[in-house]
Amino acid sequence: MASTSSLTLSQALLARAISCHGSTQSSDHRVSLSTISLPTFSGLKSSTPRASKSRRRLPTRSKQNHQVCATAVETIGTAAETSLVEKSINTIRFLAIDAVEKANSGHPGLPMGCAPMGHILYDEVMRYNPKNPYWFNRDRFVLSAGHGCMLQYALLHLAGYDSVLEDDLKNFRQWGSKTPGHPENFETPGVEVTTGPLGQGIANAVGLALAEKHLAARFNKPDNEIIDHYTYAILGDGCQMEGISNEACSLAAHWGLGKLIAFYDDNHISIDGDTEIAFTENVDKRFEGLGWHVIWVKNGNTGYDDIRSAIKEAKAVKNKPTLIKVTTTIGFGSPNKANSYSVHGSALGAKEVDATRKNLGWPYEPFHVPEDVKGHWSRHVPQGAALEAEWNTKFAEYEKKYKEEAAELKSIITGELPAGWEKALPTYTPESPADATRNLSQQNLNALVKVLPGLLGGSADLASSNMTLLKMYGDFQKDTPEEHNVRFGVREHGMGAICNGIALHSPGLIPYCATFFVFTDYMRAAIRISALSESRVIYVMTHDSIGLGEDGPTHQPIEHLASFRAMPNILMLRPADGNETAGAYKVAVLNRKRPSILALSRQKLPQLAGTSIEGVEKGGYIVSDNSSGNNPDVILIGTGSELEIAAKAADELRKGGKTVRVVSFISWELFDEQSDAYKESVLPSAVSARVSIEAGSTFGWEKIVGPKGKAIGIDRFGASAPAGRIYKEFGLTPEAVVAAAKELC
């Protein structure tokens, strides 16, 4: 990659990010590429907040003994006078109240309760540049409780992000707005990950923190700590209940992610009412058991210094993540709805809004930001520019001294792939030995890791079966974070969401994760978020069919191919041999804004004549054809291990004088994206005699074979037996394909 100045590096990354948002974002909301200035830091003097009591008795869990970690009361960062802090916090509350009220839809309770911790994080603690939301060394923030997104939108607005202007707040949850009903990274610059399905966000945060630790271990030098940022998250009771959060948080502690600080909004309310009805565990003790450092802030409503002290203590703990349990009142300030489920997911209503304004002494019109609050927050624009400029200078020094490392880091920061990287992909001939595509996948992974500095990943306790180990690297562990093999344990759901966080940390990070294809059922929600959030994760899914044999129907995927083909913005790839496996990896790497699933065989498959890396990029292509004039008697279509069956059937039919075209249909999505002329050249509309064969559900194949064609597949669960016997019993044989073809032509 061509060398550029450090400032150009930041601007190039910003420009690339802006272009990624261009299709959905109006120019009024785009981030300015104006020259970054270097003003001096400014800020108001800090003072000790005056004592204040909550308007209600804070709830406590029954029959539980909580211990408060002793922390010195100290302010950090640049805290304002208490009166201005409270005014700022109420500004956040009322921006949320007003937006939800105008939309008549949303969740005002969390923003009202979490406004103090949100204010302290964005105003006093976090390092970011509002005019470049993609500055590499920024602190990351994840609102795992994504339903409370007006908290984040209000904070982005106050901090000076161009993505959330006043009109955007007024258009909360409306068509085409930059303030959707849950945070979406692809819609709103400043939002790191897409959250809403509870628990996904905290798992994403683990991935973000893993990425920081991994990159810091690889690139930091004793004289230049070029990577140094924190990941902060807010999660609620719902996130805590979802199993994915425990999976991910268990790994966070195991990996010693000391720069992950999570705030648990302990408000005791869920949609159905008080959490006492279903959630009475001691979360503190659970997280201590996982290996987290745990702090309890008893008064999250007005205990500003307690929140500050907790953050300071958390940052002092370097070898483990920290959970700060902040006991808050949901809907704080609402006289009649605070501390109740009615404030969780509905607008307050005009009368209660007026009552809340009176209760909190808020005389302003809807969406008004008082001038002193606006003036106080305005310092973040010049401060953010100065922080980035300082880092750019630091990177320029780094680049002079460590040229090779700087080039690798640039590739990861910008997402620019090294020139000629695809030449590392292995190629195969029909004379190459037969092999399972899971083994061929490992050959590709080990070839790619030599040329792609951002490639890392692992398996859900199946590395030796998924064949995903990178042989030239060790394991990413607490004390060896520079390594590339990530051991996820039996945690498929957490694994997928963690990989989403890794992918969204930096454009050049390319995470992969693996399990048996059937166990995508455990991680479907994370895969769906990959697709929605345009997160390039490579899902290496082995044991892709009844071909795995004796393990039986519990392990044999049937409906899975069809289900992922139905999911938007994801590539479902089922390669037939070595060349197609290499082609699948090439496609997966090149598609930076969508994930890919590679369905790979356990059984050995021959290297077929006619397959190619280039063909894979078309999704469907001709492998063999003895016809002329684009008019074969019959077209046989196969994927994965069944392409060999189609090829054998074609040989038999040709012996009988038939002209037969064999098509590999490795990716429906890629084929759909080709021109009409290309699609006609592969599947001519005049040829209705078409037979498909795939060891999975026939659902959807009518789109390919047409109303007069035949789809051979499996529309029931599998069975336990050797693979060859199962294929024969289910009619997945060359003889069955020949018979079907003869019925059609």
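Which residues line the second largest cavity? In this predicted model, the lining of the second largest cavity is made up of Tyr122, Met126, Tyr128, Pro133, Arg138, Asp139, Arg140, Phe141, Tyr161, Gly190 and Glu192. When these lining residues are sorted by class, six are nonpolar, one is polar and four are charged. The volume of this second largest cavity is about 60 Å³, and the cavities of 30 Å³ or more number four in the model.

The chain as a whole gives the setting for these details. It has 745 residues, of which 63% count as buried, and its secondary structure consists of 27 helices and 21 strands. Among the contacts in the chain with a separation of 6 or more, 80% are accounted for by residues that stand 24 or more positions apart.

The open space in the model was examined alongside the enclosed cavities. The largest pocket has a volume of about 310 Å³, and its lining is formed by 19 residues, with His147, Leu198, Gly238, Ser270 and His344 lying nearest its centre. Two elements, α7 (residues 237-241) and β4 (residues 269-270), each supply at least two residues of this lining, and it is α7 that gives the largest share, with three residues. By class, the lining of the largest pocket comprises seven nonpolar residues, nine polar residues and three charged residues.

Helix α3, which spans residues 109-125, contains Glu124, and His119 is found in helix α3 as well. Glu124 has a relative accessible area of 7% and is therefore buried, since buried means under 20%. The side chain of Glu124 makes a polar contact with the side chain of Arg308, at 2.7 Å. For His119 the relative accessible area is 0%, so this residue also counts as buried by the cut-off of under 20%. When residues up to four places away in sequence are not counted, His119 touches Val85, Ser88, Ile89, Ile92, Glu124, Leu155 and Trp377. Glu124 thus appears in two descriptions, as a residue touched by His119 and as a residue whose side chain is in polar contact with that of Arg308.

Tyr230 lies in the loop that runs between α6 (residues 200-219) and β2 (residues 231-236). Although it is placed in a loop, Tyr230 is buried, because its relative accessible area of 9% is under 20%. Leaving out residues up to four places away in sequence, the residues that Tyr230 touches are Asp139, Arg140, Gly258, Lys259, Ile261, Lys315 and Lys318. One of these, Lys315, is 85 residues apart from Tyr230 in sequence, while the two are 8.9 Å apart in space from C-alpha to C-alpha. Asp139 and Arg140, which Tyr230 touches, are also among the residues that line the second largest cavity.

A further pair that is separated along the chain involves Asn339, which is found in the loop between β7 (residues 322-327) and α11 (residues 350-359). Asn339 and Asn267 are 72 residues apart in sequence, and their C-alpha atoms are 7.6 Å apart in space. The relative accessibility of Asn339 is 32%, and Asn339 therefore counts as partly exposed, a class that lies between the limits of 20% and 50%.

Backbone angles were considered for two other loop residues. Met467, in the loop between α16 (residues 463-466) and β10 (residues 475-476), has a phi near 60°, which is a positive value in a residue other than glycine. Asn630, in the loop between β17 (residues 621-625) and β18 (residues 634-638), likewise has a positive phi, near 55°, and is a residue other than glycine. As to accessibility, Met467 has a relative accessible area of 19% and is buried, because this value is under 20%. Asn630, at 29% relative accessibility, counts as partly exposed, because 29% falls between 20% and 50%.

Finally, the cysteines were examined. A disulfide is a covalent bond between the sulfur atoms of two cysteines. With the requirement that the paired sulfur atoms lie within 2.5 Å, the count of disulfides comes to zero. Cys114 has 0% relative accessibility and so counts as buried, this being under the 20% limit, whereas Cys745, at 30% relative accessibility, counts as partly exposed, because 30% lies between 20% and 50%.

Terms used. Residues are numbered from 1 along each chain as its sequence is written. This is a predicted model: local features need pLDDT of at least 70, side-chain atom pairs count only at pLDDT 80 or more; totals for chains, interfaces and linings use all residues. Side-chain values use heavy atoms; hydrogens and water are left out. On a 1 Å grid over the protein atoms alone, a cavity is a set of points where a 1.4 Å probe fits but cannot get out, and a pocket is an open set with protein on both sides within 12 Å along at least five of seven lines; lining residues have an atom within 4 Å of a point. Grid points are joined across faces, edges and corners, and a volume is the space filled by probe spheres set on the points. Ala, Val, Leu, Ile, Met, Phe, Trp, Tyr, Cys and Pro count as nonpolar, Asp, Glu, Lys and Arg as charged, and the others, Gly among them, as polar. Buried means under 20% relative accessible area, exposed over 50%, partly exposed in between (1.4 Å probe, protein chains only). Helices (H or I, at least four residues) and strands (E, at least two) are DSSP runs, numbered from the N terminus. A polar contact is a pair of N or O atoms within 3.5 Å; within protein, one must be able to donate a hydrogen and the other to accept it, and residues adjacent in sequence count only if both atoms are side-chain atoms. Contact means heavy atoms within 4.5 Å.
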